[in-house]
Amino acid sequence: MTPTVDDPQAHGLTRVGGRPPLSEYLRGVAQRKDFIVSLAKFRIEAENQRQRLGMLWIVLKPILNAAVFGIVFGILMASTKSVPDFVAFLIIGVFMFEFFSACMGSGSKSITSNQALVQSLAFPRMALPISVVVQKFLQLVPTIGLLMIFLVVMGHLPTWNWLLMLPLTALYFLFCLGVALITARLTVHLPDLSNLLPFITRFFFYTTGIFFSFDIRFEGNPWLLDVVQYQPLYAFLSLSRELLLDSDPLYDVRMQFWPIIAVWSIGLLVIGTVFFWAAEERYGRVD
């Protein structure tokens, strides 16, 4: 049968900005991995090229944050009395939480702040939030290296448990990517959400145990401890601290955190991917 003019797809033509099937869409994203990494590196350079200390700010920012929180909560509010090895405890919490906070904040603006790019070029829009998370991950890697140096200086010698930071960080990347994909689409439909996200981030910061220990603070409420372990950020931070600070053998690390963070990471990534892809046709039409 001869294709007709009324059947453009039979001629190999597709609608501009149309949404391809999910499998085809993800292949398109994978094919642009070089673009994603290049965009992430460009953003890192652009953020620091006008500053005298340049790339040093990647590690200085979390250090300064940890110093400020250490003074406020460790000295002025005397949190050190309830948390053993408070300095190391706080530094790990701040360094790890910074990655989540940056991914959610910058990821939410990955579409709305790149409208010129979105409206002028044809590419899977998912590449933009992915590039943001890759950027923040590239900034996280040196901070984790610096964190481990700090721990050694403070007397925490490396153990085999430290190697488990590799799969933990990989799962954390997937989790934060899922968060970025969800918030990136939500802020397209609900622009006011960008004003609420800092408050949401602050809520998580103060309720996740960055500067206090749930095990110590709520030791008389075992039911609360049983519930809070399913909060993903608490699970990530707690497992990070156990791997880096606990000198006991590998089997003494609380293994129940691993399935919790695995389910959260993979589940949120799948949900975020489908959720973001479903609105692909709308991203170029943001007012």
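The following legends describe several close-up views of one predicted protein model. Residues are numbered from 1 along each chain as its sequence is written, and side-chain values use heavy atoms, leaving out hydrogens and water. Because the model is predicted, local features need pLDDT of at least 70 and side-chain atom pairs count only at pLDDT 80 or more, while totals for chains, interfaces and linings use all residues.

**Figure 1. The whole chain is built from helices and has no strands.** The protein chain has twelve helices and zero strands; helices (H or I, at least four residues) and strands (E, at least two) are DSSP runs numbered from the N terminus. Of its 287 residues, 45% count as buried, where buried means under 20% relative accessible area, exposed over 50%, and partly exposed in between (1.4 Å probe, protein chains only). The chain exposes about 15,500 Å², and carbon and sulfur atoms supply 66% of this area; accessible areas come from the Shrake-Rupley method with a 1.4 Å probe, and for residues only the protein chains shown count as cover. Among contacts with a separation of 6 or more, 78% join residues 24 or more positions apart, contact meaning heavy atoms within 4.5 Å.

**Figure 2. Two spans from a UniProt record are seen here as helical segments.** Under "transmembrane region", the unreviewed UniProt entry lists residues 58-80, 86-105, 126-154, 160-184, 196-214 and 257-279. UniProt positions are given in the numbering used here, feature names are shortened, and annotations may be inferred rather than shown by experiment. In the model, residues 86-105 are 100% helix and 0% strand, with end C-alpha atoms 28 Å apart. Residues 257-279 are 91% helix and 0% strand, and their end C-alpha atoms lie 33 Å apart.

**Figure 3. Helix 4 and helix 6 have the lengths expected from their residue counts.** The expected span of a helix is 1.5 Å times one less than its number of residues. Helix 4 (residues 86-108) has 23 residues and should span 33 Å, which agrees with the 33 Å between its end C-alpha atoms. Helix 4 is mostly covered, as 17 of its 23 residues are buried. For the 27 residues of helix 6 (residues 127-153), the expected span is 39 Å and the end C-alpha atoms are 39 Å apart. Just after helix 6, glycine 155 takes a positive phi of about 100°.

**Figure 4. Aromatic rings pair between separate helices.** A pair of aromatic rings is described by the distance of the centres and the angle of the planes. Rings of Phe, Tyr and Trp (its six-membered ring) pair if their centres lie within 6.5 Å; planes under 30 degrees apart count as stacked, over 60 as edge-to-face and the rest as tilted. By this rule there are 15 aromatic pairs. One of them joins phenylalanine 175 and tryptophan 264 edge-to-face, at 6.5 Å centre to centre and 80° between the planes. Phenylalanine 175 lies in helix 7 (residues 165-189) and tryptophan 264 in helix 12 (residues 257-277), so this pair ties together parts that are 89 residues apart in sequence. Phenylalanine 175 is buried at 4% relative accessibility, whereas tryptophan 264 is partly exposed at 35%. Tyrosine 234 and phenylalanine 257 also form an edge-to-face pair, at 6.1 Å and 70°. Tyrosine 234 belongs to helix 11 (residues 232-245) and phenylalanine 257 to helix 12, 23 residues apart. Both rings belong to buried residues, with 5% for tyrosine 234 and 0% for phenylalanine 257.

**Figure 5. Two arginines lie over phenylalanine rings.** A charge sits over a ring if NZ of Lys or CZ of Arg is within 6 Å of the ring centre and within 35 degrees of the ring normal. The charged end of arginine 185 sits over phenylalanine 275, 4.2 Å from the ring centre. Arginine 241 lies over the face of phenylalanine 89, at 3.5 Å from the ring centre.

**Figure 6. Helix 12 is covered in part by other helices.** Its 21 residues should span 30 Å, in agreement with end C-alpha atoms 30 Å apart. The buried residues of helix 12 include Ile260, Ile261, Leu268 and Gly272. Their cover includes helix 1 (22-31), helix 6, helix 7 and helix 11.

**Figure 7. Serine 240 is a buried residue of helix 11.** Its relative accessible area is 0%. Leaving aside neighbours within four places in sequence, serine 240 is in contact with Ile92, Met96, Met165 and Leu168.
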